[in-house]
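User: Hello! I am new to reading structures like this one, and I would like a friendly walk through its features. Could we take them step by step?

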Amino acid sequence: MATNLPVSAQSQGGVGTAPVPHTEHDDHLHDHEHHDQHWLWKYVFSQDHKMIARQFLITGIFWAVIGGVLSSLFRLQLGWPEATLDWLQPILGKWIEGGKLNPEFYLALVTMHGTIMVFFVLTAGLSGTFSNFLIPLQVGARDMASGFMNMLSYWFFFLSSVVMFSSLFLETGPAAAGWTIYPPLSALPQAISGSGTGMTMWLVSMVFFIVSQLLGGVNYVTTIINMRTRGMSMSKLPLTIWAFFLTAILGILSFPVLFSAALLLVFDRSFGTSFFLSDIYIAGQALHNQGGSPVLFQHLFWFLGHPEVYIVIMPAMGMVSEILATNSRKPIFGYRAMIGSLIGISLLSFVVWAHHMFVTGMNPFLGSVFMFLTLIIAVPSGVKVFNWLATLWRGNIRFTAAMLFSVGFVSLFISGGLTGIILGNATLDIQMHNTYFVVAHFHLVMGSSAFFGLFAGVYHWFPKMFGRMMDEKLGYIHFWLTFIGVYLVFMPMHYVGIAGFPRRYYSWTGFDAFSQFADLNKFISLAAILAFFAQFVFIFNFFYSIFRGRRATENPWNSTTLEWTTPIEPGHGNWPGEIPAVYRWPYDYSKPGAEADFIPQNVPYSQTPSSNLPYERELAE
Amino acid sequence: MTSLTILLVLVLLLVVFGLLFRLQILTAIFSGSYVRQIGTSNRVNAVLMLVFMVVGGAAFFWSFAENFGKMNPPIASIHGHAMEKMFWTTMTVIGVAFVLTQVLLFTYSYKYQHKDGRRAYFFSHNNKIEVIWTIIPAIVMASLIFAGWKAWTRITGPAPKDAVVLEVMGKQFNWLVRYPGRDMKLGVVNYRLIDASNEFGFDLSDKAAMDDFVAPEVHVPKGHPVLIKIRSRDVLHAVYMPHFRVQMYAVPGMPTRFWFTPTATTDEMRAKLGNPKFDYELACNQICGKGHFAMKLKIVVDEPDDYVAWFAAQPPVSKNADLMASFKQMSQQTGLGKGGSQGAKEAAIEEAGETPAPLSAQASM
């Protein structure tokens, strides 16, 4: 089959499906495992990794909408500083004073937007969804190493979400010290009202969140190391799994440090210790705290905070690699280099944290060291981009919605990643630190591109998640609106940043130097709000397709990895018969001499004599 | 009532949208185009990729050029000019990489779109290419690191001995400025002595503090190195002076510093920009609470002679009766400020080794 035009499920049977006859087993196992299950155990307290993944995804979508609403609110303020916002009074209540947004509430909005997007959407919603969904399916396991821990992981996340969400409705407002919660601002309720109960709830919520991440992470790593199916060596793992594996390791090693920072902050806030506080006179009173260091908190925070951005982006990288290869009908270029660069990024991500702190009063010598390490991380990132480009080269590209988002991911990753070379340079960071240049940089490189990875993943694996297809046309509309919107928002933001406009400013009109960009800010706000509304196309498509979408086939994308050898809606246990064994790497697309343009991982070399490469001939025997 | 109507209209619109969507699917099913995986839409998307590159790229370059003037606020410090150069050099380097990779990405997407009967080229790896595109970026990075490191060491190195010294202290929500006075030594301060009239917490048992003076704005002489000592008395702030390319956090409990040499007086800059209202500004650039966005401080760059005259005209704190009275009261209350307190000693150690020579012009006073 030289092309990949419509192929029905049956016609793939010879190459595509598990080598076990599955009809009888199928029904038997299903009856046995599922029919008696109470809905509470099936849909709510489920231990099935696929259900947990769906729970993470839907919670993540909920959070993304909240995060988007918050950003629309503060973009209103930035775009139209003179406008009266009385019409928001019914929703925001006392946070609108005389038609104006309360400046402390503005800070609460940016704080919560950051917290929600980084942790609840792009960590839990992205990595939580796809690590859970794909790890057992792609390594060939019945479920996670511990289904129970996995369930706990979701419910800790849920608890964390409930606490964080309730904090939005506090009388004194949610946390407002920035998502980085630098003390003393976050430690002293006298400094900002959000540092009262709002901050306490933020910290409590984050502790639950960290527990959830660790429970999940330990499970992911254990499953990948121990539960791979027969023949699935580490060098035959799809790049998605490599990405999830390294992401989980980063999380396990760095989240506990955030936990310790949060704990010490709780001590400073509630028990009078001085880890981060010293020499403070506030609200007419000199505090007793002496000898603490706010810079210490920054070290602890960014020791998580920096790996965190890779925790966000690496799963997206893995999925994009997979989707680009599948839809270019070509092997991913440089499989080993891709793994090597992921490992390089993971290692380096632990030793670059202080590039967030060049001008915080840290010893300038440390600044030199961290500048060196930071700019080095551009090399493995560059290698990844070149490999993606080489994967497209001479492919036979199918633009599914997932593919569009993957191409978009690469584009955004380039645009945002390159400015990191400016910001990683300590000298240039003196001027750029905390300006909109930074905001533009990270929104492109880890915000938007991780979102694009998330969308790509949802469009691509939706058929396996829900047994139905998402509507492709709506997917195209969603992609183009979002892609154009994101660039319209974040490209001009660089200009504002180069001029030195500081972030987290409620209004810039007080400064001559910053007041010249009123039009551009209006433009950015408009684009941001429109791009946000475009997301409802996705949300409609998502929920509509769950119930009414076209029925999927077993392997709609003609893909090679193991998840596509499961039935259309895999039950708990994933494969109705024996778990298929793996014989080859996951990227045998368009192999010369092969009949179809893809050979699934579970097809032995002995079945494909015509396409075997010289070294594979020995394996065939 | 109106909001209810709006809501109703929105709901109806959604319903209409849903029906249209359903209708479109049904017609597609009947026409048979629904099951075809790779049809016209593949071609449309491929063309759109190309269109996006051309139109988007053009829009980007146009808007960049259009805003270029605004992006470059005037620079008025020696290291600022060097940084500016490095910034635009780096921007050029990444600009080249940007154009190259984006053009490849979109043209490949267009060029290698699906065609019936064509088969993708099975090309799994090539170590030589990998090595090339590892080494070239590594070399470019190394040279950027080297340039950055050299400048960074120079900028953050010790200030020249003859630098003019002043202190800026951040508080919610304004900046306080003090100068060392004629003895060129900043006196001891202690945060426990702070109150409404002694905002710095001057410890007047220290002789060096007596001639310090507080100023409502920063004055610095042109062409002379200036060392700003930075403190905060409550939460984090950051001293950000975009025209001078200066930024440093103000950290409670940990004094920081930054030095620079201004190259143009306020008057010169006004003349150059043709804007008689122009002023150098100092902004807070680390979130510090409600008034964060309004922590502005005016900076005046004077000709050295004018600076000396201004400096001489400022009344020292010892002339401030309120402050003296407040200090007496506070020091009795707290037992601090008697010359022997622990806090004063620590602060004194901090200040040691920093007795910059007076500004040459001032010495001749």
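Analyst: Happily! Let us begin with a term we will need: a contact means that heavy atoms lie within 4.5 Å. Please keep in mind that this is a predicted model.

User: Which residues does A:Val439 touch, if residues up to four places away in sequence are not counted?

Analyst: With those neighbours set aside, A:Val439 touches A:Met493 and A:Arg503. As for its place in the chain, A:Val439 belongs to helix α16 of chain A, which covers residues 436-466.

User: Is A:Val439 buried or exposed?

Analyst: The idea is to compare the relative accessible area with a cut-off: under 20% is called buried, and over 50% exposed. A:Val439 has 8% relative accessibility, so it counts as buried.

User: What separates the C-alpha atoms of A:Val439 and A:Asp86?

Analyst: Here you can look at the sequence and at space side by side. A:Val439 and A:Asp86 are 353 residues apart along the chain, and their C-alpha atoms are separated by 29 Å.

User: Could we try a residue in a loop? Where is A:Asn102?

Analyst: A:Asn102 sits in the loop of chain A that runs between β2 (100-101) and α6 (103-139). This residue counts as buried because its relative accessibility is 7%. If we leave aside neighbours within four places in sequence, A:Asn102 is in contact with A:Trp95, A:Glu97 and A:Tyr506.

User: Now the wider view. How many helices and strands does each chain have?

Analyst: Chain A comes to 19 helices and four strands. In chain B there are ten helices and ten strands.

User: What does the radius of gyration tell me about chain A?

Analyst: You set the value for the chain beside the one expected for a compact globule with that number of residues. For the 621 residues of chain A, the globule would have a radius of gyration near 25 Å; chain A has 25 Å, so the two agree. Along the principal axes, the C-alpha atoms of chain A fill a box of roughly 80 × 50 × 45 Å.

User: And what is the radius of gyration of chain B?

Analyst: Chain B has 31 Å, but a compact globule of 365 residues would have a value near 21 Å. The C-alpha trace of chain B spans about 95 × 65 × 45 Å along its principal axes.

User: How do I read burial and contacts for a whole chain?

Analyst: Take the buried share, then ask how far apart in sequence the contacting residues are. In chain A, 69% of the 621 residues are buried, and residues 24 or more positions apart account for 79% of the contacts with a separation of 6 or more. In chain B, 49% of the 365 residues count as buried, and the corresponding share of contacts is 73%.

User: Which domains does the assignment give for chain A?

Analyst: The assignment gives domain 1 (47-229), domain 2 (411-552) and domain 3 (554-621). The contact between domain 1 and domain 3 of chain A takes 14 residues from domain 1 and 16 residues from domain 3. The centres of these two domains, taken over C-alpha atoms, are separated by 39 Å.

User: Lastly, how are the charges placed?

Analyst: You can compare the mean positions of the positive and negative charges. Chain A has 29 positive and 32 negative charges, with mean positions 5 Å apart. Chain B has 35 positive and 28 negative side chains, and the centres of those sets lie 12 Å apart.

Terms used:
Residues numbered from 1 in each chain as written. Chains lettered and ligands numbered in written order. Predicted model: local features only at pLDDT ≥ 70, side-chain atom pairs only at ≥ 80, totals over all residues. Heavy atoms only, no water. Helix = DSSP H or I, 4+ residues; strand = E, 2+ residues; numbered from the N terminus. Rg over C-alpha atoms; globule rule 2.2 N^0.38 Å. Buried < 20%, exposed > 50% of the residue type's maximum accessible area, 1.4 Å probe, protein only. Lys, Arg positive; Asp, Glu negative; His and termini not counted. Charge placed at Lys NZ, Arg CZ, Asp CG, Glu CD. Domains from an automatic or database assignment.
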